[in-house]
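Work through these exercises with the model open. Each task is followed by its solution.

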Amino acid sequence: MRSAVRRLVAGVSLAAVAFAVAAPALADDVNVGLVLPMTGPQQSTGKQEAAAAKLFMQLHGVTVAGHTIHLLLKDDGAAPDVSKRLSQDLIANDHAIALLGYGITPDALAVAPLATEAKTPVIVTAAATAMITEKSPYIARTSFTLPQASVPMADWALKNGIKKVDTLVTDYGPGIDAETWFAKEFQKGGGAVGNRLRVPLKNPDFAPVLQRVKDGKPDAVFVFVPSGFGAAFMKQFVDRGLAAAGIKLIATGDVTDDDQLDSMGDPALGVVTTHHYSADHDSPENKAFVAAFAKANGGMRPNFMAVAAYDGMDLLYRALAKAGGKTDGDSLMAAIKGQAWTSPRGPISIDPATRDIVQTIYVRKVEKKDGHLFNVEFQSIPAVKDPYKAAKAGQ
Ligand code: DHB
């Protein structure tokens, strides 16, 4: 009798354990954090990414693998301490199963230790310094890396009669990556790098550095400024007479950002850039994306930030489906690694070894189409891995 009772108790407690383990997979409502700069100098990133993440849910539904997704949007103003506090709150109080966003590199770096400690997946959809994904095994990325965009620019310049280049970048992680990897590739191919100029992230004044470029008379200046600063840079480039002096502008696509390109006017015509996304990309997936984005947002044109947020949501949905609805960090990260699909930007995948994005980099030229300026793609380099991590891995 006693042993029968004991068996019964044992049976009940085993069932209870089984239920407790299975419960998260069956849970209905789950929170997902989206941490973005909705105010301040980086607000164009927040506006573009929030709109794209919402559009993804509008088009693909709010339910995946038995879960109803609640997207919690938080404004960090691009301040890393705020980014960290909001992320901590999303993890501890809202039990967010994943965090997306992070407008600038310092924000992504601030959240990395939290991701590791809480085993919460972080999908970086904006910040683009190469080493970010090395800071936690729970970080994956759907944006890009600056070395990924800058190396093809150097290759194009070498093949197109450009022999001497000055570099001009914003003085923090992504700018230093752009400068380093452009210069390394350009010099390796026999090109000469002159002045290496940097401007601060906060309140940059382009006038003095542009004067130095003008005085040095290089064939071209290679530029990186973060999303949202391209129009201000382009105005100074023209006002300071660099175009008139015959100095070519070459850049990563952050400068001819689709969010601002049409407002830059004719001075932007002919500028050659390398990047992973153009609103003009010619594919059925992109035509549908651009049309739906414009319709949902009063005619707004999506930029490279928007596509990264859209793909970040897509990655999360795909991972939840592949993990059979499991929401723990390890199951989700295992399901994130190796995902591959056709994004509006073209074919993309998540490198299982680095959790960083592998994608086509396009060479584009600013042209007018139906009275509007676009980055028109004319060359593509498929399946580009982040060169920084590829070099470390001896690839
Ligand atoms: C970063 C921010 C940007 O707006 C951009 O275009 C590229 C990189 C960054 O801070 O990592």
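**Exercise 1.** Find the backbone and side-chain atoms that meet the ligand's oxygen atoms.

*Solution.* Start at Ser-227: one of its backbone N or O atoms lies 2.9 Å from a ligand oxygen. Both distances below and this one fall under the polar-contact rule (a pair of N or O atoms within 3.5 Å). Next, a polar backbone atom of Ala-128 is 2.8 Å from an oxygen of the ligand. Then take Asp-254: a side-chain N or O atom is 2.5 Å from a ligand oxygen. The protein buries 100% of the 290 Å² that the ligand exposes when taken alone (Shrake-Rupley, 1.4 Å probe).

The model is predicted: local features need pLDDT of at least 70, side-chain atom pairs count only at pLDDT 80 or more, and totals for chains, interfaces and linings use all residues. Numbering runs from 1 along each chain as its sequence is written, and side-chain values use heavy atoms, without hydrogens and water.

**Exercise 2.** How many residues surround the ligand, and how do they divide into nonpolar, polar and charged?

*Solution.* Count residues with a heavy atom within 4 Å: there are 14, and Thr-105 and Tyr-172 are among the closest. The shell divides into nine nonpolar, four polar and one charged.

Terms used:
A polar contact is a pair of N or O atoms within 3.5 Å; within protein, one must be able to donate a hydrogen and the other to accept it, and residues adjacent in sequence count only if both atoms are side-chain atoms. Ala, Val, Leu, Ile, Met, Phe, Trp, Tyr, Cys and Pro count as nonpolar, Asp, Glu, Lys and Arg as charged, and the others, Gly among them, as polar.
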